[in-house]
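Visitor: Before we begin, may I ask you to explain how the terms applied to this model are justified?

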Amino acid sequence: MIPRQEGADHGEVRVMLLPTQGRDLLVPASAVAEIVSADAVQPLPDTPEWLLGELQWRGRRVPAVAFAPPPEGQGRGRAHARVVVCFMPAGNPALPFVALYSRGMPRLERAAPDNLITEQDPHPFALSALALGERHAWLPDFAALERALLAAQASD
């Protein structure tokens, strides 16, 4: 966790840290609508590897995405796997939410802009990376994710 100095927040933001395979994901805590079991995700035929399927959530079909594929033999049914339902910031009525795969229970952290790092080979759905102590995590690029999801839906 980032040390917090008393009396000033230095631009810190509350984020949810989602454990994934290889590198974690950070999403703003304010973007999180709900955390549910990954068992609720229903696979879809003929989709890209990163698109795990759909989640029926509050009367909506929400696409479930994995930034890194679940480990072999430990797919969506992994005991502690979760999906984090997030608001899509663009406000597109065709895609108001996305569910992001997490290998375990997400946890609340604080992140500061001075922890941003530059990466040579960023993830295609990441804006950048952030260092939290010894750990590095991706910051999702929700606009890129939205474009990819809409393109995947159009090809169905």
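Guide: A polar contact is a pair of N or O atoms within 3.5 Å; within protein, one must be able to donate a hydrogen and the other to accept it, and residues adjacent in sequence count only if both atoms are side-chain atoms. The model is predicted: local features need pLDDT of at least 70, side-chain atom pairs count only at pLDDT 80 or more, and totals for chains, interfaces and linings use all residues. Residues are numbered from 1 along each chain as its sequence is written, and side-chain values use heavy atoms, with hydrogens and water left out.

Visitor: What makes the side chain of S102 a partner of G104?

Guide: A polar atom of the S102 side chain lies 2.6 Å from the backbone oxygen of G104, and the limit is 3.5 Å.

Visitor: Why is S102 called buried?

Guide: Buried means under 20% relative accessible area, exposed over 50%, and partly exposed in between (1.4 Å probe, protein chains only). S102 has a value of 0%, and is therefore buried.

Visitor: Which residues does S102 touch?

Guide: With contact meaning heavy atoms within 4.5 Å, S102 touches L18, P19, H80, A81 and R82, leaving aside residues up to four places away in sequence.

Visitor: How do you know that the span of helix 1 agrees with expectation?

Guide: Helices (H or I, at least four residues) and strands (E, at least two) are DSSP runs, numbered from the N terminus. The expected span is 1.5 Å times one less than the number of residues. Helix 1 has 13 residues and should span 18 Å; its end C-alpha atoms are 18 Å apart, so the two agree. Its buried residues include F142, L145 and L149.
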